[in-house]
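Subject: Structure handover

Hello,

Here is the structure for you to look through. My notes follow below it.

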Amino acid sequence: MEYQISDAKGKLGILIPGLGAVATTFIAGVEAIKKGISQPVGSLTQMGNIRLGKRTENRYPLIKDFVPLAGLNDLVFGGWDVYEDNVYESAMNAKVLEPGLLHSVKSELEQLRPMKAVFDKEYVKNLNGTNVKEGTTKWDLAEQLMTDISEFKSANNCDRLVMVWCASTEKYIEEGSVHQTVESFEEGLRNNDPSIAPSMIYAYAAIKMNVPFANGAPNLTCDIPALLELAKEYGVPVAGKDFKTGQTLMKTIVAPGLHARALGINGWFSSNILGNRDGLVLDDPDNFKTKEVSKLSVLEEILQPDINPDLYGELYHKVRINYYPPHGDNKESWDNIDIFGWLGYQMQIKINFLCRDSILAAPIVLDLALFMDLAQRAGMSGIQEWLSFYFKSPQTAPGLKPEHDIFKQLMKLQNTLRHVMGEDLITHLGLDYYQELVEAL
Ligand SMILES: NC(=O)c1ccc[n+]([C@@H]2O[C@H](COP(=O)([O-])OP(=O)(O)OC[C@H]3O[C@@H](n4cnc5c(N)ncnc54)[C@H](O)[C@@H]3O)[C@@H](O)[C@H]2O)c1
């Protein structure tokens, strides 16, 4: 299939529900980078290279020079939050970036005031903001969001928009009958069905407005048949769930390596302490459950105990998150990994990762926004599985197991870029190099 990718001309508006730690670190970062104060470290689109053709050709362009992505100077930001703070104030409260750095982009950030949120304490108990829309039905709230979207687009003279969910993790919801078809979902919006969470209302509004939607939290959100059907109908790309940062990033780097060497694992205990607002929200058991489900699936999928019972059949995997205010956004995680090798001899690995959650998440927001826009310009709609690289719990087609191994995810992402640009896929087979040498002799 030939892809006709339209140009990334004009402005790209990035709309963000949830202007908290991650979103403000992302926006402030882009503004600082635009001024030449900093570099977009951790962003594959900006700093990553891609190999093209044979190794002997030495073609390793930057990804941003290979695929037509929106430039940083063409990005415009907007969003919603339940608190009225502008992006400068919210970034100062989040205490991720230093005041000096924030001061240098203060005028750009101060202009960004959150629109009133679609919010209900029923889904996030530990927040009390008042910058919230009023509406008698969820349908009405969806319409208000659509109005926000179209007003933002014209006020900012945007050519295209994308939406990236950076709001709090909602309480755990299971897929139910209201989520099955567009019809049942719309009926549920009119009846205020409790199984329709605010994040689903944002996703619905985005898709209806032809805006690609990526979900950075573990909520179900657009991972339901009704919204996937709608995304196909409107030709809109969607992706989720839950930005892959911190401990899970480490897990999907280490576990594939142990698995690759056929080393056994019988225990993996992960604990975290963090003290930001995300930690406060996750302190509620209903919200933690959503996160726990997202984090637990990772090892099962990488290690596949069912087909490798001798090595992983006994695996005991536990994840704990504890709210600890003194650490702020500087999350600390400990992993104790009990492994075994030749003849079953036991070994242990301890990982103590002192990370900065939002510093790891911000470049993911940037890459997702740029790639989701690319996907839409390339005519790709529905689930964008090639962006699994960025998610803890990648969204896949029904019946398809997600790929969690970060190296396979990267290969999939890069091959997708090669594919849409009409370049040869790279299989890493490499025998052809030796074949040619033999023939040359
Ligand atoms: N930081 C990371 O590394 C990381 C990794 C994976 C996922 N996440 C997820 O990303 C999200 C954001 O994380 P954060 O650290 O920025 O949290 P945060 O608490 O600092 O920011 C979230 C913001 O969303 C707002 N909000 C909540 N519900 C809303 C709604 N319905 N509409 C609009 N705004 C709403 C809150 O008021 C808050 O300002 C969380 O769901 C978190 O679980 C973060």
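How many Å separate the centres of domain 1 and domain 2, taken over C-alpha atoms? The answer is 26 Å.

Two points before the rest. Residues are numbered from 1 along each chain as its sequence is written. The model is predicted: local features need pLDDT of at least 70 and side-chain atom pairs count only at pLDDT 80 or more, while totals for chains, interfaces and linings use all residues.

**Overall**

The protein chain holds 17 helices and eleven strands. Helices (H or I, at least four residues) and strands (E, at least two) are DSSP runs, numbered from the N terminus. The C-alpha atoms fill a box of roughly 70 × 50 × 50 Å along the principal axes. The radius of gyration is 22 Å, which agrees with the value near 22 Å for a compact globule of 441 residues. That radius is taken over C-alpha atoms, and the globule rule is 2.2 Å times the number of residues to the power 0.38.

Of the 441 residues, 45% count as buried. Buried means that 20 or more other C-beta atoms lie within 10 Å of the residue's own; exposed means 12 or fewer, and partly exposed is in between, with C-beta atoms placed from the backbone. Among contacts with a separation of 6 or more, 77% join residues 24 or more positions apart. A contact needs C-beta atoms, placed from the backbone, within 7 Å.

**Domains**

Domain 1 covers 11-243 + 358-420, and domain 2 covers 246-354. These bounds come from an automatic or database domain assignment. Across the boundary, 28 residues of domain 1 are in contact with 28 residues of domain 2. On the domain 1 side, H15 and helix H16 (406-420) each supply at least two residues. By class, that side has eleven nonpolar, eight polar and nine charged residues. Ala, Val, Leu, Ile, Met, Phe, Trp, Tyr, Cys and Pro count as nonpolar, Asp, Glu, Lys and Arg as charged, and the others, Gly among them, as polar.

**Ligand shell**

The shell around the ligand has 36 residues, and Gly18, Gly20, Val22, Ala217 and Arg277 come nearest. A residue is near if its C-beta atom, placed from the backbone, lies within 6 Å. Both domains give residues to the shell, so the ligand lies between them. Helix H1 (21-34), strand S2 (75-81), helix H12 (277-282) and helix H15 (357-377) each supply at least two. H15 gives the largest share, four residues. The shell divides into 21 nonpolar, ten polar and five charged residues.

H15 also holds Ala362. Ala362 is buried because 30 other C-beta atoms lie within 10 Å. Leaving aside neighbours within four places in sequence, Ala362 is in contact with Val22, Thr25, Phe26 and Gly29. The C-alpha atoms of Ala362 and Ala23 are separated by 7.0 Å, although the two are 339 residues apart along the chain.

**Strands**

One open sheet has seven strands in the order S3-S2-S1-S4-S5-S6-S11, with parallel pairing. Strand S3 (115-116) and strand S11 (382-383) are its edges, each pairing on one side only. Strands pair if DSSP finds at least two bridges between them. S2 and S3 are joined by two bridges. Trp80 has Met115 in S3 as its bridge partner.

Strand S7 (residues 264-274) pairs with two strands described here. With strand S9 (residues 332-340), S7 is antiparallel over nine bridges. Ile265 has Ile339 in S9 as its bridge partner. With strand S8 (residues 316-323), S7 is parallel over eight bridges. There, Gly267 stands opposite Tyr316.

S9 also runs antiparallel to S10, over nine bridges. Ile337 stands opposite Ile349 in S10. Strand S10 (residues 346-354) is hardly covered: zero of its nine residues are buried.

The hairpin of S9 and S10 has five residues between the strands, and Leu343 there takes a positive phi near 65 degrees. Gly344 lies in that loop. Is Gly344 buried or exposed? Gly344 is exposed, because 9 other C-beta atoms lie within 10 Å. Gly344 and Gly264 are 80 residues apart in sequence, yet 8.0 Å apart in space, C-alpha to C-alpha.

Best wishes

Notes: Two residues are in contact if their C-beta atoms, placed from the backbone, lie within 7 Å.
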